[in-house]
Amino acid sequence: MRPLIIVLLVVALTGCAARGGTTAGDDDEGTRGGAGSAASVPKTDFGTLKNVCGPGEAKPSGAQGVTDTEIKVGVFTDQGFSKKPEMVDAAKVFTEWCNAAGGINGRKLVPVTRDAKLMEVRQRMTEACKSDFAVVGGSAGLDGQGVETRLECVLPEFPAQSSQVRARGADLQVMANGASVGYNDYAGFYRWLVNEKHPSSKGDIGIIAGDSPVTKIMVSQHTETVAGVGGKVTYTGLYPVRGVPDWTPFAQAMKDKKVKGLVFLGSLDHLAKLLQSLTSIGHKLDWVDTTNNAYGPQFVKLAGAALGSQTSYADLSGMHPLEKAADNPATQQVLDMFGQYAPDAEVNLPVLRSFSAWLLFAKSARACGELTRACVLENAQKETAWTAGGLRAPLDLSNPASPPKCWNAVQATPDGWKPADFGANEGAYRCDDVEHEYTGDYPPPAKLEDVGKSMADLD
């Protein structure tokens, strides 16, 4: 559940951005749009996807948010709380590129920012229900607060990320980066850590998380998954979601418990301080799962020299690493597009996930003769090997309960992030690895029937 859950959970709990990711440093040309070859970006194609956007003769549509010339879509963000603009940046870049290519059969995409500011998800969803055709390419840390409102107004959703269990995999939603309902996305990653890379750690694993009902569910899920791949959690620590002034007590508790591997569910700045405290008291961990919200230059800068002794990884859940953009045309194309449309913006993991969602929506909408919500949703649900034009490893989007098949990991060093040696067997990914289906009793995703609706209500 974590690729989207933690990302946004982190935003929700700590005011940090959703699991962002860039390359080694703030001035690295691969992390920002300023150095791309934007002139080479195809006008209508993205990666392996042909004619994603382009001109055409759009048929009349009576759908909400659609006129003869425009399609109005909502973009959820917690920017007002997290101060992270990645979802808004991604919407700007993608829609400007798409509109320059001719839009969706001649209709321009009009993104409308729905800033939930963490606690205003229901209010923003109510606004989206009144005017938007769909909500696309965004995320909100407490998205579970708005899911029933969305279902009541029968509003389709194509989120970049989803965090809470009631929202992730809910009806009228297609997650372009996989919902994996009932499965933990990190089973292969944990199996590699505790059985292959650091086998001496398998009986001494700790989990630290922000103290929230949402994170408590996640702690249970990760504890269960670690046990399912042969490890054992011997220490669990909960901290106030806003952080603590001194992380030494947590570091000392882990040292006393002889913790060797750590799963950290929280803000990257808090983790950086914890790693520094561990280093200061002389306790070296075998490995740290930073969660991929830390995948970016800020974490490297904040953690500093501690990364020389505290071996830290992030599982990118099948998204091609930015460090290797030159080897992957789709990833490089994102950088090129940012170079043209938002040269000062950061390209990170939420941006890549947002692009995957925008591409799915655009491809699905462009294939509709008459643009309706039902048509777009149906087209998106036909994707059984979605790669977002090569941005990521294939996913089956036809079933939200389909488990992930591929994963990949990167390692943080004092000099920046780099691909880890995790046993890739299909290009940049490790596929057909272990799966973990939850056995615990967790709340199910929301359904239309929960709010007295059905698919017959979808226009």
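Author: In this predicted model, the largest pocket holds about 270 Å³ of space, and of the 22 residues that line this pocket, Gln173, Gln381, Leu397, Asn399 and Pro400 lie nearest its centre.

Reader: What makes this a pocket, where the space of about 90 Å³ is called a cavity?

Author: The term depends on access, because a cavity is a set of points where a 1.4 Å probe fits but cannot get out, whereas a pocket is an open set. The space of about 270 Å³ is the largest pocket, while the volume of about 90 Å³ belongs to the largest cavity, and the structure holds four cavities of 30 Å³ or more.

Reader: Which residues line the largest cavity nearest its centre, and how does its lining divide by class?

Author: Met125, Ala140, Asp143, Glu157 and Ala167 lie nearest the centre, in a lining of 13 residues. That lining divides into six nonpolar, four polar and three charged residues. The lining of the largest pocket, for its part, has 11 nonpolar, eight polar and three charged residues.

Reader: Why is Gln381 called partly exposed?

Author: Gln381 has a relative accessible area of 33%, and buried means under 20% while exposed means over 50%, so a value in between is called partly exposed. Gln381 is found in the loop between helix H13 (373-380) and strand E10 (406-407). Its C-alpha atom is separated by 9.3 Å from that of Pro400, 19 residues along the chain. With neighbours within four places in sequence left aside, Gln381 is in contact with Val174, Leu397 and Ser398.

Reader: What makes the pair of Phe158 and Phe361 edge-to-face?

Author: The ring centres of Phe158 and Phe361 are 5.5 Å apart and their planes stand at 65 degrees; rings pair if their centres lie within 6.5 Å, and planes over 60 degrees apart count as edge-to-face, so both conditions are met. Phe158 lies in strand E4 (residues 157-158) and Phe361 in helix H12, so the pair ties together parts that are 203 residues apart in sequence. Both Phe158 and Phe361 are buried. The count of aromatic pairs comes to 23, and ring pairs also link Tyr186, Phe189, Tyr190, Trp192, Tyr313, Trp407 and Phe422 into a cluster.

Reader: What makes a set of residues a nonpolar core, and which residues have the most contacts inside the largest one?

Author: The members must be buried, of nonpolar kinds such as Phe and Leu, and joined through side-chain atoms within 4.5 Å. The largest core has 101 residues, and those with the most contacts inside it are Phe94, Leu274, Phe299, Phe355 and Phe361. Its largest share, 11 residues, comes from helix H12 (residues 349-366). Another core lies apart from it, with 23 residues, among them Phe189, Val194, Ile207 and Val229. Beyond its neighbours within four places in sequence, Phe94 is in contact with Val52, Cys53, Leu109, Phe355, Trp358, Leu359 and Ala362.

Reader: Why is Lys258 called exposed, and why does Lys117 count as partly exposed?

Author: Lys258 has a relative accessible area of 57%, whereas Lys117 has a relative accessibility of 42%; exposed means over 50%, so Lys258 meets that cut-off and Lys117 does not. Lys117 has a positive phi of about 50 degrees although it is not a glycine, and lies in the loop between strand E2 (108-115) and helix H4 (121-131). The phi of Lys258 is also positive, near 60 degrees, and Lys258 lies in the loop between helix H8 (248-256) and strand E7 (261-265).

Note on methods: Residues are numbered from 1 along each chain as its sequence is written. This is a predicted model: local features need pLDDT of at least 70, side-chain atom pairs count only at pLDDT 80 or more; totals for chains, interfaces and linings use all residues. Side-chain values use heavy atoms; hydrogens and water are left out. Buried means under 20% relative accessible area, exposed over 50%, partly exposed in between (1.4 Å probe, protein chains only). Helices (H or I, at least four residues) and strands (E, at least two) are DSSP runs, numbered from the N terminus. Contact means heavy atoms within 4.5 Å. On a 1 Å grid over the protein atoms alone, a cavity is a set of points where a 1.4 Å probe fits but cannot get out, and a pocket is an open set with protein on both sides within 12 Å along at least five of seven lines; lining residues have an atom within 4 Å of a point. Grid points are joined across faces, edges and corners, and a volume is the space filled by probe spheres set on the points. Ala, Val, Leu, Ile, Met, Phe, Trp, Tyr, Cys and Pro count as nonpolar, Asp, Glu, Lys and Arg as charged, and the others, Gly among them, as polar. Rings of Phe, Tyr and Trp (its six-membered ring) pair if their centres lie within 6.5 Å; planes under 30 degrees apart count as stacked, over 60 as edge-to-face and the rest as tilted.
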